[in-house]
Amino acid sequence: MTTTLTLSDGMRMPAVGFGVYKVADEAAGPAVATALEAGYRLVDTATLYGNERGVGRAVRDSGLDRDDVFVTTKLWNDAHGPDAARAAFEQSVERLGLGAPDLYLIHWPVPSRDLYASTWRTLIQLRDEGRVRSVGVSNFQPAHIARIVDDSGEVPVVNQVELHPYLQQRELRALHAELGIITQAWSPLGRGAVLTDPVIGDIARSHGVSPAQVVLRWHLDLNVAVIPKSVTPARIRQNRDLAGFELSDDDHARIADLDRDERTGSHPDLVA
Ligand code: A2P
């Protein structure tokens, strides 16, 4: 089972990370501490989440070496354009208090503002200055990726997108494979919605594991990195415990059939 993925810039990224979307700053610290104790070595936050301070404190207080924890944060939609992007990055670094983040992502392309190509060039500069180890994007559609690659000649190492059995993103994953971009899934559990699907339940029972474990293992089998979110310690632990079983070809075929282009979040073209 894949536990670490190699990014196109040579950096290594854990395949299973811990997401803290919508976790309040005060709650993020204990949740991240539980996750790090359970063995997670990737924490995914964003300026939008308002919890970079709590996340940074939990990583610092964990006693782990900074180099052993992969920390991702993201640039919010109001900070597109070279100057705003640089300022937003500095603020995230200050709030995290961890030195250089491992990965900095453009959170959404915001096509209505049409600044994402210059924002991307700024992220590349920050990386070249050694301020951040790797740079990537989130919620980019094929056209947005084509644009920044044409404009800068640099391919993002990661595109983090909504992806789960109800939104399997086949076209995008094929493009990522062609360009060497790692696909990372946000809401890998469809915000919990896919966990009550009868097919997932059936497969889970047949392996003696939980529906969440089936869905997360399915992602890893597709070489998709995941950042399941939970504030429940037992679930946090369970979501990383994915090695003791294998999905069969038949299981994969049944899950492939669940694709229905159903988003829990916004369509990237519409987020302003
Ligand atoms: P909670 O945070 O209360 O534990 P996603 O990562 O797809 O956005 O899904 C997150 C949602 O799924 C949260 O509501 C979370 O609930 C729930 N969840 C996370 N892990 C599990 C699990 N192992 N079993 C059941 N529900 C889970």
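Glycine 97 follows helix H3 and has a positive phi, near 65 degrees. The structure described here is a predicted model, and H3 is a convenient place to begin reading it. The helix runs over residues 82-96, and its 15 residues reach 21 Å from the first C-alpha to the last, close to the 21 Å expected at 1.5 Å a residue. Its buried residues are Ala85, Ala88, Phe89, Ser92, Val93, Arg95 and Leu96. These residues lie on the same side of H3, because they cover an arc of only 165 degrees around the axis. An α-helix has 3.6 residues a turn, so residues three or four places apart point the same way. The face of H3 turned away from the buried side carries Asp83, Ala87, Glu90 and Glu94, which are exposed. On the buried side, the covering elements include H2, strand E5 (70-75), E6 and H4.

One link between H3 and H2 can be followed residue by residue. Arginine 53 belongs to helix H2, which spans residues 52-61. Although 42 residues separate arginine 53 from arginine 95 in sequence, their C-alpha atoms are 4.9 Å apart in space. Once neighbours within four places in sequence are left aside, the contacts of arginine 53 are Asp25 and Arg95. Arg95 is among the buried residues of H3. Arginine 53, by contrast, is partly exposed, because 17 other C-beta atoms lie within 10 Å, whereas a buried residue needs 20 or more.

Helix H1 offers a second example. This helix covers residues 25-37, and its 13 residues reach 19 Å from first to last C-alpha, close to the 18 Å expected at 1.5 Å a residue. Ala28, Gly29, Ala31, Val32, Thr34, Ala35 and Leu36 are the buried residues of H1. Among the elements that cover them are strand E3 (18-19), strand E4 (42-44), H2 and H9. After H1 comes glycine 39, with a positive phi near 110 degrees.

Helix H8, at residues 211-221, is mostly covered, with 10 of its 11 residues buried. The buried set consists of Pro211, Ala212, Gln213, Val214, Val215, Leu216, Arg217, Trp218, His219 and Leu220. These residues pack against two strands and three helices, namely E9 (182-186) and E10 (225-226), together with H7 (198-207), H9 (233-238) and H10 (249-256). Asparagine 223 follows H8, and its phi is positive, near 65 degrees. Ala212, buried in H8, also appears among the residues that come nearest to the ligand, along with Leu189, Gly192, Ser230 and Thr232. In total, 18 residues surround the ligand, and this shell divides into six nonpolar, nine polar and three charged residues.

The UniProt record, an unreviewed entry, places the feature "binding site" at His107. Histidine 107 sits in the loop between strand E6 (103-106) and helix H4 (116-128). Histidine 107 is buried, since 20 other C-beta atoms lie within 10 Å. Not counting residues up to four places away in sequence, histidine 107 touches Ala46, Leu48, Lys74, Leu75, Trp76, Asn77, Ser138 and Asn139. Aspartate 114 lies in the loop between E6 and H4 as well, but counts as exposed because there are 11 C-beta neighbours inside 10 Å.

Positive phi values also occur within loops. Most residues other than glycine have a negative phi, and most peptide bonds are trans. Aspartate 114 has a positive phi, near 55 degrees, and the phi of arginine 191 is likewise positive, near 55 degrees. Arginine 191 is placed in the loop between E9 and H7 and counts as partly exposed, because there are 16 C-beta neighbours inside 10 Å.

Towards the N terminus, proline 14 lies in strand E2, residues 12-14. Proline 14 is buried, as 21 other C-beta atoms lie within 10 Å. Its contacts, leaving aside neighbours within four places in sequence, are Thr3, Thr4, Arg41, Leu42 and Phe70. Proline 14 and phenylalanine 70 are 56 residues apart in sequence, with 7.6 Å between their C-alpha atoms.

For the wider setting, the unreviewed UniProt entry lists residues 22-259 as "domain: NADP-dependent oxidoreductase". This span is 45% helix and 13% strand, and its end C-alpha atoms lie 26 Å apart.

Notes
Residues numbered from 1 in each chain as written. Predicted model: local features only at pLDDT ≥ 70, side-chain atom pairs only at ≥ 80, totals over all residues. Buried ≥ 20, exposed ≤ 12 C-beta atoms within 10 Å, placed from the backbone. Helix = DSSP H or I, 4+ residues; strand = E, 2+ residues; numbered from the N terminus. Contact = placed C-beta atoms within 7 Å. UniProt positions renumbered as here; feature names shortened; annotations may be inferred. Near = placed C-beta within 6 Å. Nonpolar A, V, L, I, M, F, W, Y, C, P; charged D, E, K, R; others polar. Expected span 1.5 Å × (residues − 1). Arc of directions from axis to C-beta.
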